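Q: Could you choose one part of this protein and take a close look at it with me? I am in my first year, so please go step by step and then show me how that part fits into the rest.

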Amino acid sequence: MGMKPAVLTLFLAITVFAQTPDVRALNGLEWRNIGPGAMGGRIAAIEGVAGNPRIVYAATGSGGLFKSLNAGTTWQAIFERPGHISIGDIAIDPKNPEHIWVGTGEANLRNSVSVGAGVFYSHDGGKTWQARGLQDTMTISRMLLDPGNPQRLLVAAVGHPFGPNPERGVYLTTDGGQTWKKTLYIDDTHGASDIDFDPSNPDIVYAGMWKFDRKPWRYDSGDTKGGFYKSTDGGQTWKKITHGLPPLMGRIGVKVASSNPKVVYVIAETREGTLFRSNDGGETFEAVSNDRALVQRGYYFCDMRIDPQNENRIYVLEGALMASTDGGKNFERIGGSVHSDLQTLWIDPTDPKRMWQGNDGGLASSWDGGQTWNHVASISLGQFYRVFADDREPFYQVSGGTQDNGTWTGPSRTREPSGIFNDDWRMVSTIVGFNVLDDPNDPDILLTQQPAGVLLRTNMLTRDQQSVGPQVRSYSGASQAAMQYRFGWDAPLVRSPWSKSTYYYGADVVFQTSNLGGNWEPISKDLTSGDPAKWAPSGGPVFTDNSSSEYSGVLTQIAESPAQRGLIWTGSDDGNVQLTENGGGQWVNVAPNIIGVPAHSPVSAVEPSRRNAKTTYVAFNRHMFDDMQPYIFKTVDGGKTWTKITSGLPPYAFVWVLREDLKNPSILYAGTETGLYASFDAGEYWVSFGLKNLPDVAVRDVFLQAKQNDIILATHGRGLWILDDAAPVQGMSATAGKAATLFPIRRALRFASRATRSGDGDTIFAGANPAYGAILNYYLNAPVGELRMEVLDSSGKTVRAIAGAPSSAGLHRIAWDLRANAVAGAGGGGRGGRGGGRGPQVLPGTYAVRLTADGTAQEQKVEVGLDPEIKTSAADLQAQWNAITKVSDMIRQVTQMVQQADRHPDSSEWKAFARSITRPRSGAGSDGAPKLAEQLPALFNLIDGPNDAPTATMMKLLGELEGDYQKATAQFETLKQ
């Protein structure tokens with residue numbers, strides 16, 4: 001009897017999953033990373049190899065670990081799918097750089113910080129990974145690997161950034177992570193902010209202990225219980241050092257001078273100095289600087305490096321890279337050509353002029369001690385919050401706002417065969433960016449956001465920019481109590497689905513504009529709980545720090561129902577879920593009806609159904625209350641009752657965004673902290689939707705591009721990603737019981753693709769373009785013996801038989817290149833068709849694609865259009881088709897003539913005939929002027945190259961070659977007799 005409940009639970013789980021389509025088949029689909037690589041995201045740690053510039057490891061705050069084997073020319077992602085890819089620090093064995101330790105969970109505890117899941121180890125340079133414990137530390141600031149004993153590792157864990165937990169402090173392993181001992185611990189609110197040891201004697205270790213707590217509306221940094229600690233037995237036992245250090249300390253950074261280990265520096269949040277120096281191995285200290293520029297925001301920086309060969313040369317990592325040559329008494333800013341906000345710095349011990357830095361904008365290297373820098377622009381690390389796509393043709397534009405790197409806009413694809421380059425992207429606005437919307441009448445006019453409700457209207461052609469938000473008065477540094485309207489960090493900005501010129505913007509009230517921000521009208525009261533206790537100054541007890549990242553009592557979501565005009569939903573960061581059915585006339589708070597989530601939980605997503613005005617989905621995100629669980633609810637009665645729908649989601653996948661599919665209302669997408677998930681039964685069960693290649697990165701936004709039926713993701717650490725043509729996703733449920741399924745085919749566009757750049761080398765990022773032509777998706781329930789894929793014109797004539805279509809079981813995606821059947825020798829030249837060939841471009845129009853699997857056929861229509869930038873008339877395209885068809889027919893016949901002549905190697909008449917229509921073969925290249933067999937493919941290329949009618953010169957040559965062809969045909973017929 002005791003086993004029955006477990007058996008029943010397993011049966012129900014299998015039953016629920018069985019109702020989900022074959023999602024494993026969808027895993028053959030790939031997301032396409034479009035970048036950009038021009039800017040990056042936060043870098044948490046960098047490790048190089050002393051004296052070997054080729055090997056570099058770079059750990060990102062939210063995008064995983066990267067490795068270079070060629071001094072940063074190219075990079076490979078080597079830590080993408082362990083569940084959590086936020087990294088706090090890395091350590092490599094100096095004797096074997098293939099042995100890597102990763103401490104997950106970034107310790108730069110700003111409001112957007114991601115968390116980790118302990119320590120991981122690789123013995124093969126990142127090819128494989130093993131979890132090595134400390135799963136609940138959540139954030140790790142530093143790892144120290146004993147250079148003489150790679151089994152001995154010290155880990156400094158800050159712990160949970162949003163609540164107390166016991167898994168924090170300093171940990172020691174002496175058996176390579178098989179077991180751990182917590183050796184420095186104060187209580188469940190203090191973590192280890194930094195750790196360093198004497199490189200000449202690793203038994204001497206120093207650590208900083210720090211109390212930090214962050215809530216959605218404030219943070220607190222420092223107290224008198226934390227401080228600076230020293231161990232002389234390899235981290236087994238510790239004593240607190242107080243001589244010369246203030247009793248009240250916030251975050252602490254510590255570094256030992258390698259050239260003179262008696263010199264120890266401490267940088268810290270204190271009121272009595274910012275930089276302290278010890279000349280007696282950390283027993284006593286004296287303040288050498290009280291410059292606040294060294295510690296402007298302690299919880300985020302408070303770090304430094306010491307020149308390995310000069311105890312008095314210090315680098316402080318802050319909003320800028322600050323350098324001192326006199327032991328910290330004076331500093332100057334250096335290397336300002338790259339992004340500011342330094343997070344890490346690696347200095348080659350054998351050559352201190354060689355450096356790598358990581359900042360909020362990515363990676364950079366220096367060979368002259370930090371005076372000049374080379375920014376790495378070959379990897380996509382953007383920490384995007386939101387993404388938007390317009391409807392322009394031929395290729396829609398993608399725009400999105402990022403953490404500390406502004407708002408960017410770029411193409412979803414290009415005419416460049418090599419892909420989407422950094423030069424194709426433009427920054428629209430600076431600092432931090434979020435939502436983007438465009439002018440419905442001019443896609444080059446964009447509305448973009450910055451924190452605290454700043455809204456900018458930018459004309460990308462003229463570069464004119466104006467602030468157009470509802471509140472333009474500056475409240476920088478003020479607490480919320482002083483503000484007329486409270487705008488949050490990521491204020492909601494949306495367009496009405498009923499009017500492209502109507503926009504809504506959320507503060508504590510909902511604003512509406514119909515003229516791109518020229519004027520705004522509030523259409524609601526305060527829709528938040530509005531707790532004044534949460535508007536007090538933030539920071540402390542050391543320094544006050546009021547910034548928009550802690551604003552509270554604000555709206556986080558606005559969504560108007562696509563099924564009912566005037567039905568508008570809102571969500572707030574303090575738990576209210578309100579709706580109006582008359583465009584803002586009256587509002588009702590339905591949050592009390594939602595059972596299963598604590599009160600006052602931040603609303604992270606509101607998604608009204610496109611099919612039913614009574615159906616809406618709401619998500620709550622409680623991670624800043626130290627609750628990482630997903631919370632998603634569904635109502636089908638307009639908010640009166642709600643059902644929790646999180647089955648299948650991992651317990652740590654807190655939710656950032658929800659979207660209902662545009663074509664299949666049973667499909668939902670959930671962007672979570674650990675990746676993308678999908679439900680194929682309206683939320684009853686969720687499955688991972690990373691498909692073949694999406695990393696386990698936070699997905700902050702999902703945009704569904706209707707015209708192309710694409711799914712676009714804003715990831716917080718790995719840039720922007722596109723799944724081209726979601727038809728197989730939307731239709732996979734219809735494959736049940738069918739041997740084969742050919743999915744609907746989206747409109748294909750005929751356009752010119754031509755390289756306009758070359759010789760760029762390998763340091764330039766290029767986002768992938770989708771395959772040219774019509775994307776063909778089909779599913780086979782089992783392998784088939786015979787499979788044919790054909791394209792038919794409007795008369796039913798086969799214009800293309802697509803070779804090589806896979807016949808194995810599963811989902812397949814191939815592309816028709818919008819060409820008719822190939823003509824041997826066309827486009828490739830060569831005697832007798834050798835060199836291959838291609839068919840001519842088909843005319844715009846409607847075609848049918850026929851899939852025949854083991855004798856059973858099915859068809860889908862496909863519309864072939866023309867690039868709207870091409871102004872060629874239909875008559876001219878028809879003239880091109882007619883001319884190239886003539887050339888193709890002649891190529892086909894001449895190829896057969898040459899092949900027939902080759903069958904008579906001993907006949908002087910056939911040899912003479914062959915020499916009259918094709919030049920002799922030559923191992924070294926061409927021998928003699930081109931003859932008919934070479935001129936025809938050359939003319940094919942000339943006519944087929946553009947999207948235009950042949951020129952008069954081409955038509956003249958065609959006439960001449962027709963005469964030559966007729967003569968050759970007559971000779972050929974005579975020889976055959």
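A: Let's begin with one word we will need: two residues are in contact when they have heavy atoms within 4.5 Å of each other. Please also keep in mind that what you see is a predicted model.

The part I suggest is lysine 230. You can find lysine 230 in strand E17, which runs over residues 227-231. Is lysine 230 buried or exposed? A residue counts as buried when its relative accessible area is under 20%. Lysine 230 has a relative accessible area of 9%, so it is buried.

What does lysine 230 touch, once residues up to four places away in sequence are set aside? The list has several stretches. One holds Ile204, Val205 and Tyr206. Another holds Thr237, Trp238 and Lys239, and Ile241 is on the list too. The remaining names are Gly281, Gly282 and Glu283. The last of these deserves a second look: the side chains of lysine 230 and glutamate 283 are joined by a polar contact of 2.8 Å.

Now let's step back to the whole protein. Of its 977 residues, 61% count as buried, and lysine 230 is buried as well. The protein contains 7 helices and 67 strands, and strand E17 is where lysine 230 sits. Lysine 230 is also a charged residue, so the charges are worth a glance: there are 92 positive and 101 negative side chains, and the centres of these two sets lie 4 Å apart.

How is the chain packed overall? For 977 residues, a compact globule would have a radius of gyration near 30 Å; the value here is 33 Å, which agrees. The C-alpha trace spans about 110 × 70 × 70 Å along its principal axes. If you take the contacts with a separation of 6 or more, residues 24 or more positions apart account for 56% of them. As for the outside, the protein exposes about 36,700 Å², and carbon and sulfur atoms supply 49% of that area.

With that picture in mind, let's visit some other places and ask similar questions. Tryptophan 910 is in helix H5, residues 908-917. Its relative accessibility is 6%, so tryptophan 910 counts as buried. Leaving aside neighbours within four places in sequence, tryptophan 910 is in contact with Gln900, Ala901, His904, Phe972, Leu975 and Lys976. One of these partners, phenylalanine 972, is 62 residues away in sequence, yet the two C-alpha atoms are 8.9 Å apart.

Aspartate 681 gives us a loop to look at, between strand E54 (675-679) and strand E55 (686-688). With 16% relative accessibility, aspartate 681 counts as buried. A polar atom of its side chain lies 3.0 Å from the backbone nitrogen of glutamate 684. In contrast to a partner at that distance, alanine 481 is 200 residues away along the chain from aspartate 681, and their C-alpha atoms are separated by 45 Å.

Serine 499 takes us back to a strand, E41, which covers residues 499-506. At 18% relative accessibility, serine 499 counts as buried. Its side chain makes a polar contact of 3.1 Å with the side chain of threonine 502.

The backbone has some details to show you, too. Leucine 516 is not a glycine, but it has a positive phi of about 60°. You will find leucine 516 in the loop between strand E42 (510-513) and E43, and its relative accessibility of 13% counts as buried. Leucine 691 also has a positive phi, of about 55°, without being a glycine. Leucine 691 is in the loop between E55 and strand E56 (699-705), and at 5% relative accessibility it counts as buried.

Finally, look at two peptide bonds. The bond from glycine 35 to proline 36 is cis, with omega near -5°, and proline 36 is in the loop between strand E1 (32-35) and strand E2 (43-49). Glycine 540 and proline 541 are joined by a cis peptide bond as well, with omega about 5°. Proline 541 is in the loop between strand E43 (521-522) and strand E44 (555-560).

To close where we began, rotate the model back to lysine 230 and trace its 2.8 Å polar contact with glutamate 283.

How values were computed: Residues numbered from 1 in each chain as written. Predicted model: local features only at pLDDT ≥ 70, side-chain atom pairs only at ≥ 80, totals over all residues. Heavy atoms only, no water. Helix = DSSP H or I, 4+ residues; strand = E, 2+ residues; numbered from the N terminus. Rg over C-alpha atoms; globule rule 2.2 N^0.38 Å. Buried < 20%, exposed > 50% of the residue type's maximum accessible area, 1.4 Å probe, protein only. Areas by Shrake-Rupley, 256 points an atom, 1.4 Å probe, with all protein chains shown as cover. Lys, Arg positive; Asp, Glu negative; His and termini not counted. Charge placed at Lys NZ, Arg CZ, Asp CG, Glu CD. Polar contact = N/O pair within 3.5 Å; in protein donor to acceptor, adjacent residues only side chain to side chain.
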